[in-house]
Every structure is written in structure tokens, then in C-alpha cells.
Amino acid sequence: MAVSMSDVARHAGVSQRTVSNVVNNYVHVSPATRARVQASLDALGYRPNTAARRLRTGRTGTVTLAVPTFRERYFADLAEAVIAAARDRGTTILVETTGGRHDLEVELLRGGGDVLTDGVIMSAVSLSRTDQRSTHPVVLVGDREPGSAIDHVGIKNREAAQAAVTHLLDTGRQRILLLGANHGPRRSYQLRRQGYQAALKKHGIDLDPTLIVDCDWTTAAAAEAISRTFEQLRPDGIFAMNDSAALGALRALQRNRIDVPGEVSVIGFDDIVESSLSTPSLSTIAPLMDDLASTALDLLDEQLDDDHVPQHRMAGYELRVRESTTR
């Protein structure tokens, strides 16, 4: 016999409404009560009636995730985290790629598209602060210009980049090259460069413009840039704007028989799967994807409230120290 919400309520000693709030992941439940209800849900083996819930709420049980591309591993990792978090809530994720096209991003922002879903989580690269959503729930993931009136979950890019460069400095590196200048998502690049500069300034090191190296955030472009500039610049540390660029740097250094981390240390950003599998394994900044995904889904749910005010929240990160910076 199926376990009902009333069964769970009796077991947990709370109202059925409280059980419903926990099952539907509403935020207005204290942590202690949520934990007690979840323990009862687990103990009784409660499974939500997804079809009944959709009929009752008028929701489809699906959410659109829009990313620019899957050519960058970061977006595949983001999709995997969102799909996993949504599955735990009984929600299905439909994935679209926009190619970074402004017209497609605006269409999704305003609730368009061929498939009707309950909301959109989008990693947008071409939207501006003046682009506004309609009444359709939308959460943007990534970096946004200050003043945006759309729900948003970001990563502490400036703080995380400063932590990465500080790690290089703390290991004795002094000539730290920034790899990937003037490319990538504009706001992300700006914040990561600010973090790079802040770390140097805190350690009393003057910024050397020649160590700001321009290239795409791709493995091939980064490898070419390092091969072209390394002998002239002779950095002893490299901070790459993302892991793909960092892996390109490792490839170029290995081809030129430059020891990592003996002669030069390398650190990236994103903690894609390949970063732990490279030789040497790559030190990096790891955005907490599960945190980011759950927060984005929470914000979609909160937009169903009439009095919802747009929120700007930050997911956490960790510095993952591996072989490329450990001497």
C-alpha cells in the first residue's frame, strides 16, 4: 500500500502541509523540521505521486536548461549537476544549446521556444542588462552585470581567481602569466583578471602587462600561445582562465620539455573531469556545481510566489591542489 503524506505527517509529528512543503522543497521550513520530515519520508519509503502533483499545480514537471555549447566541458558538467538535482525533485530537464546567439537567448528569456516548460535555467553569454524576462520563470547561471533584475546564481569569480593566484605566490612563484586575456564570457574574464591583479597587489608585486597573454579559452589556442611566448616571457607560474586553456599550456610545456611543476606551475579554473586525469594532474578552482544547480532550481520555485523579489546568490568553490603546482 502506498505511503501517503498523512502517514508521513503522523510519523514526524507535523502537519500534512509541512510535509507537502518539504516534499515540494519550499524554503519556508526550518532546518530542524525539514530534517525530521525527511527522516520520516526515508523511513516510510514515501514516493510522491508526480502525475497527481502536476494536475494539481498545473505544472509540467519539466525545466529547460539552456547552455551556449557542449564543446566546453564546463557546460556538460553544469548540465549533469542540474539534471541530477532536478531528478531528486521529480523534475525532468530538457536541454537546449544556443550557440551564444543573442536572439535565441532573448527568446528563452521571454518564455519562447518550441517546448513549454515550467521555467528556464540559462547560462547566457550575450544578454545585456537591458534584456528583461517576461512572467515566465527564468534563472541565469554565471556572471551578470551589476543591476540585473533577473534571478541569478553566480560563482565568486574574483575571489576564486585571487585564491588560485595566491596559491601560486605562496609556493614561491613570482612571474605569473595570465593565460586567456580578452576572451571568454566578458564578465567572467573581468572578474578573474581582477582577482589575478588583487593577488599580485596583496603580495607587493607590480603588474607586468607582458604577462597578460591573449588567447581563446581552448586547449589548442592556449597551447599555441604558450609555445609562442614562453621563451620570451619565462614565467614561473601560469594562471589559466579555464581548465581547457590550462591543459593546453601543459601540452605546450611538455612538448618543449619544460618541467611542470619544477620550472613552472600551472593552475586552471572549473575542475573539469580531464583536470584530474592529466599528467601531471591539474590544480584548479572547483565551482561547487551541486550547490549552483540546487540554488538555481530553488529560485525557479520561488518565482511562483507573487511577491518574489529577484535574487542574486553565489555558489561556493574549492581550491583543488594537484601535481601541477606541488613541488
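Of the 327 residues in this protein, 51% are buried. The model is a predicted one. Its secondary structure amounts to 11 helices and 12 strands, and the C-alpha trace extends over about 70 × 45 × 35 Å along the principal axes. The accessible surface is about 15600 Å², with carbon and sulfur atoms accounting for 49% of that area. Among the contacts that link residues at least 6 apart in sequence, 69% are between residues at least 24 apart.

**Nonpolar cores**

The largest nonpolar core contains 48 residues. Within this core, the residues with the most contacts are Leu-179, Tyr-196, Ile-226, Ile-238, Phe-239 and Leu-253. The elements listed below each contribute two or more residues to the largest core, as does helix H8.

| Element | Type | Residues |
|---|---|---|
| H7 | helix | 157–170 |
| E6 | strand | 176–181 |
| E7 | strand | 212–214 |
| H9 | helix | 219–233 |
| E8 | strand | 237–240 |
| H10 | helix | 243–255 |
| E9 | strand | 265–269 |

A second core, separate from the largest, is made up of 25 residues, including Leu-65, Ala-85, Ala-293 and Ala-296.

Tyr-196 illustrates how the largest core is connected. When neighbours within four places in sequence are set aside, Tyr-196 is in contact with Ala-161, Val-165, Ile-176, Leu-177, Leu-178, Leu-207, Leu-211, Ile-212 and Phe-239. One of these partners, Phe-239, is itself listed with Tyr-196 among the residues that have the most contacts inside the core.

**The second largest pocket**

The second largest pocket encloses about 590 Å³ of space. Its lining consists of 30 residues, and those closest to the centre of the pocket are Ala-124, Val-125, Pro-185, Arg-186 and Ser-188. Two or more lining residues come from each of helix H5 (73–88) and helix H8 (186–202). The greatest contribution is that of H8, which supplies 4 residues. Helix H8 therefore takes part both in the lining of this pocket and in the largest nonpolar core, because it gives two or more residues to each under the helix assignment used here. By class, the lining comprises 10 nonpolar, 10 polar and 10 charged residues.

**Arg-73 in helix H5**

Arg-73 belongs to helix H5. Because its relative accessibility is 30%, Arg-73 is classed as partly exposed. Beyond its neighbours within four places in sequence, Arg-73 is in contact with Ile-272, Val-273 and Glu-274. Arg-73 and Val-273 lie 200 residues apart along the chain, yet their C-alpha atoms are separated by 8.1 Å.

Definitions and conventions
Residues are numbered from 1 along each chain as its sequence is written. This is a predicted model: local features need pLDDT of at least 70, side-chain atom pairs count only at pLDDT 80 or more; totals for chains, interfaces and linings use all residues. Side-chain values use heavy atoms; hydrogens and water are left out. On a 1 Å grid over the protein atoms alone, a cavity is a set of points where a 1.4 Å probe fits but cannot get out, and a pocket is an open set with protein on both sides within 12 Å along at least five of seven lines; lining residues have an atom within 4 Å of a point. Grid points are joined across faces, edges and corners, and a volume is the space filled by probe spheres set on the points. Ala, Val, Leu, Ile, Met, Phe, Trp, Tyr, Cys and Pro count as nonpolar, Asp, Glu, Lys and Arg as charged, and the others, Gly among them, as polar. Buried means under 20% relative accessible area, exposed over 50%, partly exposed in between (1.4 Å probe, protein chains only). Contact means heavy atoms within 4.5 Å. Accessible areas come from the Shrake-Rupley method with a 1.4 Å probe; for residues, only the protein chains shown count as cover. A nonpolar core is a set of buried Ala, Val, Leu, Ile, Met, Phe, Trp, Tyr and Cys residues joined through side-chain atoms within 4.5 Å.
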